[in-house]
Each structure stands twice: as C-alpha cells, then as structure tokens.
Amino acid sequence: MPTTAPTATPALDHAAEAAERLLSPGHAAIVGLQWGDEGKGQTVDLLTPHFQAIARFNGGNNAGHSVHVGSEKFALHLLPSGITHPGVLCVIGNGVVVDPSPETGLLKEIQTLADRGITVDADKLQISNRAHVVMPYHRVEDGLYEALAKAGKSEITAGAIGTTGRGIGRAYADKAHRSTAIRMGDLLVPDRLHDQLRPILQIKNALLQALADLAGVDYTPFELDTLLAKAADWADALRPMIGDTTAALTDIELNKGRVLFEGANAALLDVDHGTYPYVTSSTTSALGAATGTGLAPRHLHNVLGVAKAYTSRVGGGPHPTELLDDTGEHIRTTGNEFGTTTGRPRRVGWLDLTAVKYSAQLNGCTALVLTGLSVLAGLPELKLAVAYEHDGQRLDTFPADAFVLEQATPIYQTLPGFPTGTGDATTFADLPDAAKAYVQAVEDFVGIPIKLVCVGPKRSQALPR
Ligand code: GDP
Ligand code: IMO
Ligand code: MG
C-alpha cells in the first residue's frame, strides 16, 4: 500500500511541504498542549491526505474541531477532522464515548454533513463496537450536578468544573463502573440491550431522582420502552458502521498504511495528568492513542503538539495567565474565542510556556504547531509566562496540584509586539521579525522544533517553518 493516499486534494498542495517538515514515516498523533481549542482540527485536516485512516481515540462530543475548506467552515464534534476528504477511512475508536442520537449527537452531525453534500457511510466511517454510549440520562446527570453546584450543595461538581453538559464524564464513569454501561455493539443486539437497560434504568432513575431532590429541581424518570425504541433507531441508522475498528486499523497497519490519531480536548484536561479535578474524563494526551484505538504505539513515531500563541480555557479551573482586562477582550474578539461546542466565551490569557513545556514532554512531542499568531498582532508588547511564584517560592515546573496552580502568579518574560497584517502572510519568511522572534522564544523554551505556524484557521494560513 502506498504511504500517501492517492486522493490528495489540489487545494492542499502547499500542505505537502508542511507534511514533509512535520512527519517522518510511521503513524502520527495530533494533540492539544493547553486546555483545548488550540486548532487541532486545522492540522488534522491539513495532514489527512498523507494517511489511510484518521482515528479519534478519546472524548466525545465535548470536542469541537473547526475545519475550514475554502469558504466553508465545518464544526466537528465526534467525526474525525479528516471527514471532508475523499478516500480516507475515519474511525471513532473504542476510547471515545458516543452520543448516537439525531437530536444531540453523531446522527445529527452526519445529517448536517449530508445537508452540505458530504456523505458519511460505512466506507467513510467506522465506529468501534467497544466504544461506550452516552445515553440521554448521562446528559441529565451532568445537568443535575450543575444544578447541585448552583444550589451550593457541592464544592467540586460538574457546575464548578463547567462541563460541556454532554454527559461525557458520566458515560466514562459508567464505563469504569461496568454494570451500568452500554457499548455501541450492545445496540445491535436488542434482546440483550433490553436485559441490560432494564436494571440500569431502575438504578439511574433512583439516583437521578435523589440528585434532583437534593438540588431542588424536577426530574422526569426515563421509560424503558421509549429508550429502547430510540436505541433501535440509532442501531438501524448506524449498524453498517459499527464494528471491530481495532481489527480494521490493525489491517491498515499490517498493509503498511499510516494512521493519524486525532486527540480531542487537550493535555491539561487529561484525567490523570491535567489540572485535576478541573479536567475531562479521558486520556487526552498521546498516551491514550494506543488504549483508545487498540493499536500498540510501536509505529507512533510522530507526535505533533498543537499550542496556541496565547492561552484559552473554557469552564472552571486554574488559568494563571488569564487576562480579565481590555487585552483579554481584544484577544477573545480577534481570535473569535467562543466555544465551538457550547458557544461559551473562552477565558483567554498570555501563553503559559511552563504549561506547554510540561504538556510537550508528557506527550513526547516530536514537533510543535503554533497557531493563532496573528491574533497577537497589533499589541504593543507580548508576555510569555516562564515560571510561577507560589508561597514566596519560584516554581520552574508545572505543579501536579491544581490548587497550587490556582494560587500561583506567573513570572513573565516580555517581548516586543508585531504589526497587524500577519494573517495575510503566505510564507513564514513573510512574517515581521518580531513575530519570528516570538516563535523562536517559544521554541527555545519548550525545546522542541516548531514546524508549522498558523496565522489563521484557513488551510492557506498554515505556514511551514
Ligand atoms: P480545536 O478544538 O483544537 O480543533 O480548535 P477549535 O477549532 O475549537 O478552536 C480554535 C480557536 O482558535 C478558534 O476560536 C479560532 O478562531 C482560534 N484561532 C485563532 N487563530 C487560529 C489559527 O491560526 N488557527 C486555528 N485553527 N484557529 C485559530
Ligand atoms: P476540543 O477538542 C475546550 C472542558 C470543559 C470543562 C471540562 C470538562 O474542542 O479542544 P466535559 O464536558 O468534558 O466533562 O468538561 O473540560 N473541555 C474542553 N474545553 N475544548 C475541548 O475540546 C474541551 N473538552 C472538554 O469546558 O471545563
Ligand atoms: Mg475545540
């Protein structure tokens, strides 16, 4: 099998250079190095023509990955960001939690693409039968924890974490719990599903009613027949796509095909290594690519970490470099920093290099992509956090304790700003010297080469370096 798919889109010709700089032979993972929304979708889209399969390995529709194709913008949540390309297999791996529904989940996303002329069928998309299902009661559970937080009944609940409300953490909790879990493969066996769901619903209705009572809100119990009918509809629509994706990816690998693992969320939201408990519930770093797809990391030779030239965060949790002033407002507006999934305004701030260096090392990054550079254009000076001060002590590394990070003050290095118009650059060489110096300062601190610099979300705004 050739290592380059035969269907490379002409509009992506310039991306061949990016691929040459970013990739050595073997599989690749693209992961976020901050708190999400670094622009992972853009790099996945750009590199897709060089892979036979694009596999999501974690998260669910808490993710929102924007892909710009010509004048069109696609917001993808569960579908891998290579989905607009012909001739590449998109995979939703076993590590993902899938809300299948046409109201809020995968079937809605598939229909949205169909309305825009992109057919998603079994040749295009395979969903792991081992992936867990986000059921409607998981979303309700997220909402109830939020209501509890609002009622002041709990310090650290979904409300304080500021979840996306998509039921993600609740579905992963049931996966670990086992006896209350449903997997995509279960949807295809109605009798078994009936026997699983009956006791699960008894438990869920009792628990959710108790949560609702505690929060002082109403709760309408889920009915078995209604839920089974919905599940039967999901199964009818998705049946040809649900299968053993571990076997499918293994076949691709055995035929010397290349797999691109698309990370959702980001390293600082990793359930083990992020700013716990202000994290999501999956392994968001490249460490999860293997468990989340079933492909051993033997051929994962490229780990591309995506960082934005500033920081954004949605939801609760520490954000030492957060800007609550006019500069922050400027960055939010210029960068269009509003959630792709929830529309929430993102909490923006200066680039935190200590955090990015930690994430890059955690992921084992072989190269970095720096996005959002043009958003900083026009600011008189730029700040980079190079350490923290906590309790009178200097911290040169990222603390494991989020509550320490919460009380930490950044120590900044200041660089000169650069003029507006950087978004129009068509090569890295075109950029003003001060913008190049900013990129160099990031590379020097993190110690990993920055091979792609994005001055906007379009394909043509990704500049190889
Ligand atoms: P993802 O979740 O990592 O795929 O990123 P999103 O698409 O959710 O969010 C990226 C955010 O960064 C959007 O708000 C963009 O407007 C903003 N942004 C600013 N500059 C750039 C850039 O150069 N490239 C990309 N891809 N996004 C940028
Ligand atoms: P992409 O892939 C930004 C955040 C939520 C919340 C926390 C837990 O687009 O970068 P959850 O619903 O997962 O239980 O919420 O994690 N979060 C993200 N923030 N981008 C994302 O994904 C995110 N996925 C989860 O805002 O703070
Ligand atoms: Mg996003």
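1. Backbone contact to ligand 2. A backbone N or O atom of Ile161 is 3.2 Å away from an oxygen atom of ligand 2. The model is a predicted one, and this distance, like the others below, is a computed value.

2. Side-chain contacts to ligand 2. Two side chains also reach oxygen atoms of this ligand. For Thr280, a polar side-chain atom lies 2.6 Å from an oxygen atom of ligand 2. For Lys40, an N or O atom in the side chain is 2.7 Å from an oxygen atom of ligand 2. Taken alone, ligand 2 has 550 Å² of accessible area, and the protein covers 97% of it.

3. Surroundings of ligand 2. The ligand is surrounded by 20 residues, with Lys40, His65, Thr164, Asn265 and Thr280 the closest. Sorted by class, this shell contains seven nonpolar, ten polar and three charged residues. The space that ligand 2 takes is the largest pocket.

4. Contacts to ligand 1. On the side-chain part, a polar atom of Arg346 lies 2.7 Å from an oxygen atom of ligand 1. The backbone contributes as well: an N or O atom of the Gly335 backbone is 2.7 Å from an oxygen atom of ligand 1, and a backbone N or O atom of Asn336 is 3.0 Å from an oxygen atom of that ligand. Of the 570 Å² of accessible area that ligand 1 has on its own, 93% is covered by the protein.

5. Surroundings of ligand 1. There are 23 residues around ligand 1, of which Lys40, Gly64, Ser66, Gly335 and Arg346 come nearest. Twelve of the shell residues are polar, six are charged and five are nonpolar. The space taken by ligand 1 is the second largest pocket.

6. A residue listed for both ligands. Lys40 is among the residues that come nearest to ligand 1 and is also one of the closest to ligand 2. Its side-chain distance of 2.7 Å, given in point 2, is to an oxygen atom of ligand 2.

7. Elements behind the ligand 1 shell. Helix α2 (40-47) and strand β3 (65-69) each supply at least two residues of the shell around ligand 1. The largest share, three residues, comes from α2.

8. The partner of β3. Strand β3 runs antiparallel to β4 (residues 72-76), and five bridges join the two. Within this pairing, Val67 stands opposite Phe74 in β4. The two strands form a hairpin with two residues between them, and Gly70 in the turn has a positive phi of about 60°.

Definitions and conventions
Residues are numbered from 1 along each chain as its sequence is written. Chains are lettered from A and ligands numbered from 1 in the order in which they are written. This is a predicted model: local features need pLDDT of at least 70, side-chain atom pairs count only at pLDDT 80 or more; totals for chains, interfaces and linings use all residues. Side-chain values use heavy atoms; hydrogens and water are left out. A residue is near a molecule or strand if one of its heavy atoms lies within 4 Å of it. A polar contact is a pair of N or O atoms within 3.5 Å; within protein, one must be able to donate a hydrogen and the other to accept it, and residues adjacent in sequence count only if both atoms are side-chain atoms. Accessible areas come from the Shrake-Rupley method with a 1.4 Å probe; for residues, only the protein chains shown count as cover. On a 1 Å grid over the protein atoms alone, a cavity is a set of points where a 1.4 Å probe fits but cannot get out, and a pocket is an open set with protein on both sides within 12 Å along at least five of seven lines; lining residues have an atom within 4 Å of a point. A molecule sits in a cavity or pocket if more than half of its atoms lie within 2 Å of its grid points. Helices (H or I, at least four residues) and strands (E, at least two) are DSSP runs, numbered from the N terminus. Ala, Val, Leu, Ile, Met, Phe, Trp, Tyr, Cys and Pro count as nonpolar, Asp, Glu, Lys and Arg as charged, and the others, Gly among them, as polar. Two strands pair if DSSP finds at least two bridges between them.
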